[in-house]
Amino acid sequence: MTGTPEQAETGTPTPFTAEDYAARMRRAAESAAGAGLAGLLIAPGPDLVWLTGYRPVETERLTLLVLRAGHDPVLVVPTLEAPDAAKAAGGPALTLRDWTDGTDPYGTAADLLGPAGRYGISDNAWALHLLGLRERRPDLHQVALTRALPMLRAVKDAAELGRMAAAGAAADAAYEGIRKVPFAGRREREVAADLDALLRQHGHEQVDFTIVASGPNGADPHHEAGERVIERGDMVVLDFGGLKHGYGSDTSRTVHVGEPTDEERRVHDLVRAAQEAGFAAVAPGAACQDVDRAARAVIADAGYGEYFIHRTGHGIGVTTHEPPYMIEGEEQPLVPGMCFSVEPGVYLPGRFGVRIEDIVTVTEDGGRRLNNTSREMATVD
């Protein structure tokens, strides 16, 4: 792949080339064959962007990439959008099969498929398009792509890791900036808007979420920033991220407005110890569930196990949530280049919550954090 981590962290990274995308499509088709699939059906969305560099608008008009081992990749595309598809970075590696309004796009796509078999299909494919294909080829079966090939995008190369590191550094800069703004007397949504602006200021082209959960709202892990006025004495969970150079950031820190109580500090220290234990468990060959077990054990041993109500982490790349998942029962071994969150939390209903999260990448001998702001309790005004 083109580019280096250093290039991506210090400026605009070297663009991926047609050869890069051709290699990804070839690897995807070969991986599908190795998993016993007849091929892959890739709809508009993150899979198509990762494989081709093409990001069309998702509409009722069928756009579908067909990948089969031993065959050239073919993109079924509306005629009016074919010029844009051809200009995409991966366009030179594609054969375009266009169709015009009034004709049958599903018949066009069905003609590209081989004998009866199983195809992996993008998780986000519209039901309209999936059912249209099934009507033309009832002998084919489809399985969700992340179920069929969960590790397809999981292992990042050097250029991708550089983009991930740049996104993490930008999120860190946003956190340092948000600590300087007033909290007390302002609504959660106002602080969330500040976070959005800071992420964009530091290079994010897309902001996916800015959780600002104050006081009792902190006990809801996915609280939507709202109208609650932040008060002095509140714990505030901050969880935010998005895409920079097409790759994701996601970090959480919990701050306190003014000085915390002894109990608040104790719970925060507990979560920080659990997060450190989860990170320490990251190593090539360890199972994903080992990361969850390590973090969860610290919280359970302290008597707060029932208040840790979600998995310890999720993969991240061209989307902010993707395989692998750090959860009990996931035996997938960790591989150098994987990137995922380590984010234990404790949530006390009606009172407060604490979450601390870093994105981590697996190295040859352990793990490396892509978020490096302090995990100590921070106070804000």
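**A colleague's note on this predicted model**

1. Let us start at a turn: His 245 lies in the loop between β8 and β9. This is a predicted model, and in it the phi of His 245 is near 55°, a positive value in a residue other than glycine. Most residues other than glycine have a negative phi, and most peptide bonds are trans. With a relative accessibility of 25%, His 245 counts as partly exposed. The two strands around the turn make a hairpin, with 2 residues between them, and β8 and β9 pair in the antiparallel sense over 2 bridges. One place to look is Leu 243, which stands opposite Gly 248 in β9.

2. How much of strand β8 is buried? In this strand, which spans residues 235-244, 10 of 10 residues are buried. You can follow the two sides by eye: Met 235, Val 237, Asp 239, Gly 241 and Leu 243 point one way, while Val 236, Leu 238, Phe 240, Gly 242 and Lys 244 point the other way. Charged names such as Asp 239 and Lys 244 appear in these lists too, and both are buried.

3. β8 has further partners to trace. Strand β7 (residues 206-214) pairs with β8 in the antiparallel sense over 8 bridges, and strand β10 (residues 251-257) pairs with β8, again antiparallel, over 6 bridges. Asp 239 is a handy landmark for both pairings: Ile 211 stands opposite Asp 239, and the bridge partner of Asp 239 in β10 is Ser 252. As background, strands of a sheet pair through backbone hydrogen bonds, either parallel or antiparallel.

4. Next, please turn to an open sheet of 6 strands, in the order β4-β3-β2-β1-β5-β6 and with mixed pairing. Its edge strands are β4 (95-99) and β6 (141-144), each of which pairs on one side only. On average, neighbouring strands of this sheet are turned by 25° against each other, direction ignored. Helix α2 (residues 18-34) packs on the sheet and touches β1 (39-42) and β2 (64-67). The direction of α2 makes about 65° with that of β2.

5. At one end of that strand order, β5 (residues 118-121) and β6 pair in the parallel sense over 4 bridges. To find the pairing on screen, begin at Arg 118, whose bridge partner in β6 is His 141.

6. The ring of Phe 16 deserves a visit. The structure holds 2 aromatic pairs. In the pair of Phe 16 and Tyr 21, the ring centres are 6.2 Å apart and the planes stand at 75°, so the pair is edge-to-face. Are these two residues buried or exposed? Phe 16 has a relative accessible area of 11% and Tyr 21 one of 8%; both fall under the 20% cut-off, so both count as buried. Two arginines also meet the ring of Phe 16: the charged end of Arg 24 sits over the ring, 4.4 Å from its centre, and the charged end of Arg 163 sits over the ring, 4.0 Å from its centre.

7. Here is a second hairpin to compare by eye. Strand β14 (residues 345-348) and β15 pair in the antiparallel sense over 4 bridges, and the bridge partner of Gly 345 in β15 is Arg 355. There are 3 residues between the strands, and Gly 350 takes a positive phi near 75°. Both faces of β15 (residues 352-355) are covered: Phe 352 and Val 354 on one side, Gly 353 and Arg 355 on the other, are buried.

8. Two prolines call for a closer look. Pro 324 is in strand β12, and a cis peptide bond joins Pro 323 to Pro 324, with omega about 5°. Pro 336 is in the loop between β12 (322-326) and β13 (339-342) and is partly exposed, with a relative accessible area of 24%. Which residues does Pro 336 contact, leaving aside its neighbours within four places in sequence? They are Val 155, Pro 284, Val 362, Thr 363 and Glu 364. The C-alpha atoms of Pro 336 and Asp 365 are separated by 8.5 Å, although the two residues are 29 residues apart along the chain.

9. Finally, a word on confidence. The chain averages a pLDDT of 95, and 97% of the residues score at least 70. Over residues 1-10, however, the pLDDT is below 50; this stretch has 27 contacts in the model beyond near neighbours in sequence. Where pLDDT is low, the predicted coordinates should not be read in detail.

Technical notes. Residues numbered from 1 in each chain as written. Predicted model: local features only at pLDDT ≥ 70, side-chain atom pairs only at ≥ 80, totals over all residues. Heavy atoms only, no water. Pairing = 2+ DSSP bridges. Axes fitted to C-alpha atoms, helices over the stretch in contact; angles between N-to-C directions. Contact = heavy atoms within 4.5 Å. pLDDT = per-residue confidence, 0-100. Phe/Tyr/Trp six-rings, centres within 6.5 Å; stacked < 30°, edge-to-face > 60°. Buried < 20%, exposed > 50% of the residue type's maximum accessible area, 1.4 Å probe, protein only. Lys NZ or Arg CZ within 6 Å of the ring centre and 35° of its normal.
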